[in-house]
Amino acid sequence: MPNQTGLPHQVAPLGSFTVNRMGYGAMQLAGPHVFGPPRDRDEAIAVLREAVAGGVNHIDTSDYYGPFVVNEIIREALDPYPADLVLVTKVGALRGDDGSWKPAFSKKQLTRAIHDNLRRLGREAIDVVNLRSMFSQMGPAEGSLDEPLAVLADLQKEGVIRHIGLSNVTAKQVADGRRITDIVCVQNQYNLVYRDDDALIDSLAADGIAYVPFFPLGGFSPIQSDRLSQVAADLGATPMQVALAWLLQRAPNILLIPGTSSRAHLRENMAAAHLTLPPEAIAQLEALG
């Protein structure tokens, strides 16, 4: 297993920022099903501090994780924030009292969401705000995002948002969105076995736009494959490290945000940034898609 500490010098642009390609996704710092407080708040704080100390300078979050819980933990753990830390949040959804996910696209809802994120994170402006499409709970679905994007563009002009991205979107929605405002990143589901966005990733790379895969390890159903396990064993790594390393080698515009509420798992994830897959391993993994 790779055991180097810190992160190698693998960086990429995220809007006007330059970030390490191995970042951290904070969703798992909430309770079960991303709802309520974590089982171990002290460990959640320790995970965030160790991630930043190890070189992570790109953290993905949202005020609807918990809701509210994760942003409060981030502020407790990291404020005052390192000068190079880029915080990315998402808007476009609300949580019901039963933990359900509900669309929240109105001007009033989006404006409140931005200011709620600012207040709980303790920031004067949010580095990147991703508009989460909610036309389907199952994945990207067509529908116009023009009105909510126009709201975010106006808030950007006010100075409370620095950059705008999109999440859970189709290629058409990306193209339409770029006619309204600059889009600096797209955050969609993508991993070793789920590759619907292959063409989109390549087109974004050509334009210098970051692609941030969520569920890079399979999400609530982790990737399992005998072939993946064999490649990992041959390389002296874990299957999840190989899956993350494959993403880093897939395209230069991919930024990773694997999440965990465990320091041991965090170290495993971060070590994947030191793993280089040889051509024969990549050839075996390509067949999984």
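1. Before we look at the cavity, here is how residues get sorted: Ala, Val, Leu, Ile, Met, Phe, Trp, Tyr, Cys and Pro count as nonpolar, Asp, Glu, Lys and Arg as charged, and the others, Gly among them, as polar. By that sorting, the lining of the largest cavity has five nonpolar, two polar and one charged residues.

2. A word on where this comes from: the model is predicted, so local features need pLDDT of at least 70 and side-chain atom pairs pLDDT 80 or more, while totals for chains, interfaces and linings use all residues. Numbering starts from 1 along each chain as its sequence is written, and side-chain values use heavy atoms, leaving out hydrogens and water.

3. Back to that cavity (on a 1 Å grid over the protein atoms alone, a set of points where a 1.4 Å probe fits but cannot get out; lining residues have an atom within 4 Å of a point). Searching the whole structure turns up one cavity of 30 Å³ or more. The volume of the largest cavity is about 30 Å³, taken as the space filled by probe spheres set on the points, which are joined across faces, edges and corners. Leu7, Pro8, Gln10, Asn20, Arg21, Met22, Leu248 and Ala273 line this largest cavity.

4. Now the sheet. Helices (H or I, at least four residues) and strands (E, at least two) are DSSP runs, numbered from the N terminus, and two strands pair if DSSP finds at least two bridges between them. Seven strands make an open sheet with parallel pairing, in the order β3-β4-β5-β8-β9-β10-β11. At its edges sit β3 (24-25) and β11 (210-211), each pairing on one side only. Further in, β5 (residues 86-91) and β8 (residues 126-132) run parallel and are joined by four bridges; Val88 stands opposite Val128 in β8.

5. Have a look at helix α6 (residues 198-206) too. Leu200, Ile201 and Leu204 are buried there (under 20% relative accessible area, 1.4 Å probe, protein chains only; exposed is over 50%, partly exposed in between). Down the axis of α6, the buried residues fall within an arc of 100 degrees (using directions from the helix axis to the C-beta atoms), so they line one face of the helix. Ala199 and Ala206, on the other side, are exposed. After α6 comes Gly208, with a positive phi near 70 degrees.

6. Finally, Ala44 belongs to helix α1 (residues 41-53). Ala44 is buried, at 1% relative accessible area. Leaving aside residues up to four places away in sequence, Ala44 touches Leu29 and Ile73 (contact means heavy atoms within 4.5 Å).

Notes. 1 Å grid on protein atoms, 1.4 Å probe; cavity = no way out; pocket = protein on both sides within 12 Å on 5 of 7 lines; lining within 4 Å.
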